[in-house]
Amino acid sequence: MQFSDRVGIAHEILAVLARRQLNVVGVEVDPPHMHIDVPDLVEAALPGLRAALASVPGVYEVVEVAMLPGTQRRLHLNALLDSMADPVLAVDGAGGIVVANAVAAAAAGVPDAGALIGMTLAALFDDPVLPAEILAGGFALPAREVMLRGRPFLLDVRPVAEGAGGVVTLQAPSRIGERLHAIQHADKGGFERILGESPPMRALKAQAARIAGVDAPLLILGETGTGKELVAQACHRASLRAGKPFLALNCAALPESLAESELFGYAPGAFSGAQRGGKPGLFELADQGTVFLDEIGEMSPYLQAKLLRFINDGSFRRVGGERELKVDVRVISATHRDLGRMATDGSFREDLFYRLNVLRLAVPPLRERGEDVLLLARHFIARACAQTRRPPCRLSAAAAAALLANRWPGNVRQLENAIFRAVAMSDRALLEAADFDLTGAGIAGGPDAPPLEAASWEEAMAEFEATLLRRLYPRYPSSRKLAARLRASHTMIANKLRRHGIGRT
């Protein structure tokens with residue numbers, strides 16, 4: 001009901017209810033509103049009660065509501081807490097727990113959230129120094145790692161008011177890993193993101209789709225720039241671990257000590273400059289998910305031994321730590337090196353090679369999937385135009401022929417970079433062969449390359465055409481195969497082969 005606030009009005013309103021012998025179980029007064037919970041009130045008696053209350057001086061509106069506002073707020077709060085995936089606690093100024101959610105109860109190993117009410121942080125966390133630090137300075141505490149029932153959590157404290165308590169949020173390493181994964185891999189695509197319709201790529205994607213669902217270590221082989229990480233991501237997204245993190249480490253990019261702490265994390269005080277409270281590694285962050293180890297052939301012998309133990313049973317210790325940790329992670333590794341030969345000559349652990357090589361995929365180089373060159377080129381041109389904010393452009397026939405003739409030792413990465421450079425440096429709607437810097441990689445620098453100076457455009461194009469056909473004919477030794485490769489008519493290719501005296505048509 002609504003009323004005009006004055007001394008004694010609440011007593012008069014409750015007296016009306018008492019005279020009618022109605023049981024009042026709750027009252028909330030927040031002028032100009034007063035809410036009263038009367039569970040025994042029947043609907044038939046409501047008109048008479050409304051008239052009696054309206055006769056009290058100052059009461060000018062009486063309406064029926066479903067529940068008290070305070071009760072509604074508690075229900076909303078409980079729904080909010082129960083929907084949160086991280087443990088959340090509200091504590092008072094003395095460090096006593098006043099509110100908790102079900103996830104916090106599960107992390108603490110108690111039956112329900114109610115069992116945490118009244119417990120202190122000192123009794124909850126394994127670190128006895130922590131509560132005093134939290135309470136000092138009105139909860140002015142930077143985020144740090146704490147241990148709860150032997151498990152690490154990142155502690156985040158937000159004060160309510162000076163000395164009045166605050167809200168404590170705990171994040172498990174795997175939850176942090178999920179956030180990292182969401183930031184790094186916003187695109188949820190799978191095998192459809194791997195461009196290529198050539199027979200080698202169709203075979204690769206079919207084999208990868210079968211392997212993806214098998215929860216075992218996977219080794220991906222291929223030259224630098226072929227897209228091994230893209231294949232690894234697609235396999236993760238097609239696996240039962242798709243909803244969990246996919247985190248990657250390039251083993252060649254970090255020295256041994258840094259790579260070890262990145263993978264396995266470190267304990268408090270493990271080394272000078274370490275974060276207070278320690279730090280989880282990729283294996284902890286990716287629990288229930290996948291860790292991708294690129295350039296595994298560059299891993300040091302020491303890390304190879306530590307990785308072997310982890311793959312065997314999922315157990316490890318942080319750098320400088322004594323506590324044994326265990327997580328469930330699928331390891332996908334990749335290399336451009338011959339791990340089998342390295343295992344034979346002793347530069348790579350043979351037992352680790354066999355543990356990594358349970359499942360295997362080989363990504364073909366771009367020169368073996370020539371049918372995909374123009375498909376990839378058009379995709380990269382569209383993306384480069386968007387990135388450089390320039391109008392759309394396309395390849396000329398000569399440019400397309402030059403791209404097809406190139407051997408691309410740097411594979412897809414080299415093609416992408418060449419396309420981006422050409423798009424960024426040209427303002428024409430049609431990209432010509434001269435726009436691509438192909439010197440030293442394929443046709444431009446080879447012994448059969450066309451002369452840098454020609455008597456005429458027609459002569460230069462004829463020599464370029466002859467060079468292209470001579471390079472492709474050994475791999476497509478008939479006019480029909482070569483015509484299919486170049487997406488041209490059989491008659492045209494046959495005539496050009498005869499003109500240049502190439503093969504037998």
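Welcome to the tour: the protein in your viewer has 20 helices and 18 strands. Keep in mind as you go that this is a predicted model.

**The whole chain**

Start by showing everything, with the surface switched on. The accessible surface of the protein comes to about 25500 Å², and carbon and sulfur atoms account for 55% of that area. Of the 505 residues in the protein, buried ones make up 45%. Now think about contacts between residues with a separation of 6 or more in the chain: 65% of them in the protein join residues 24 or more positions apart.

**Stop 1: the largest nonpolar core**

Hide the surface and select Leu395, Ile419, Phe436 and Leu482. These are the residues with the most contacts inside the largest nonpolar core, which has 40 residues. Which helices each supply at least two residues of this core? Colour α15 (373-388), α16 (397-405), α17 (411-425), α18 (457-472), α19 (479-486) and α20 (490-500), and you have them. The largest share, eight residues, comes from α15. As a general rule, nonpolar side chains in soluble globular proteins tend to be buried together.

Zoom in on Leu395 next. Leaving aside neighbours within four places in sequence, Leu395 is in contact with Leu374, Ala377, Ile381, Ala400, Leu403, Leu430, Leu431 and Phe436.

**Stop 2: a second core and helix α10**

A second, separate core has 32 residues, including Leu219, Leu263, Phe264 and Met299. To see where two of these sit, select helix α10, residues 256-264. Within α10, the residues Ala259, Glu260, Ser261, Leu263 and Phe264 are buried.

What covers the buried residues of α10? Show β11 (246-250), α11 (282-285), β12 (290-294), α12 (301-313) and β13 (315-316), which are among the elements covering them. Then step just past the helix: α10 is followed by Gly265, which has a positive phi near 75 degrees.

**Stop 3: Thr335**

Select Thr335, which you will find in strand β15 (residues 330-335). Is Thr335 buried or exposed? Thr335 counts as buried because its relative accessibility is 0%, and the cut-off for buried is under 20%.

Show what surrounds this residue. Apart from neighbours within four places in sequence, Thr335 is in contact with Leu219, Ile220, Leu221, Gly222, Lys228, Glu295, Ile296 and Gly297. Try the distance tool on the last of these: Thr335 and Gly297 are 6.0 Å apart from C-alpha to C-alpha, with their positions 38 residues apart in sequence.

**Stop 4: salt bridges**

Side chains of opposite charge can pair when their charged atoms come close. The structure holds 17 salt bridges, and here are three to visit.

- Select Arg6 and Glu12, whose side chains meet in a salt bridge of 2.8 Å, N to O. Arg6 is partly exposed, at 29% relative accessibility, and Glu12 is also partly exposed, at 30%.
- Move to Arg349 and Asp351, where the closest N and O atoms of the salt bridge are 2.8 Å apart. Both residues are partly exposed: Arg349 has a relative accessibility of 31%, and Asp351 has 34%.
- Finish with Asp86 and Arg175, a salt bridge of 2.9 Å, N to O. This pair links distant parts of the chain, 89 residues apart: Asp86 is in the loop between α3 (69-83) and β5 (88-91), and Arg175 is in helix α7 (residues 173-184). Asp86 counts as buried, at 6% relative accessibility.

Stay there and add Glu178 and Lys244 to your selection. Together with Asp86 and Arg175, they form one network of salt bridges that share partners.

**Stop 5: the cysteines**

How many disulfides are there? The count comes to zero. Select Cys385 to see one case: the nearest cysteine sulfur belongs to Cys393 and is 3.5 Å away. Cys385 is in no disulfide, because the two sulfur atoms would have to be within 2.5 Å. Cys385 is buried, with a relative accessible area of 6%. Cys251 is buried too, at 7%.

**Last stop: a patch on the surface**

Turn the surface back on and select Leu14, Val27 and Val29. They form a nonpolar patch on the surface, with about 210 Å² of accessible area together. Val29 lies in strand β2 (residues 26-30) and is partly exposed, at 48% relative accessibility.

Note on methods
Residues numbered from 1 in each chain as written. Predicted model: local features only at pLDDT ≥ 70, side-chain atom pairs only at ≥ 80, totals over all residues. Heavy atoms only, no water. Patch = residues over 30% accessible without salt bridge, like charges linked within 9 Å, V, L, I, M, F, W, Y side chains within 5 Å. Areas by Shrake-Rupley, 256 points an atom, 1.4 Å probe, with all protein chains shown as cover. Salt bridge = Lys/Arg side-chain N within 4 Å of Asp/Glu carboxyl O. Helix = DSSP H or I, 4+ residues; strand = E, 2+ residues; numbered from the N terminus. Buried < 20%, exposed > 50% of the residue type's maximum accessible area, 1.4 Å probe, protein only. Contact = heavy atoms within 4.5 Å. Core = buried A, V, L, I, M, F, W, Y, C linked by side-chain atoms within 4.5 Å.
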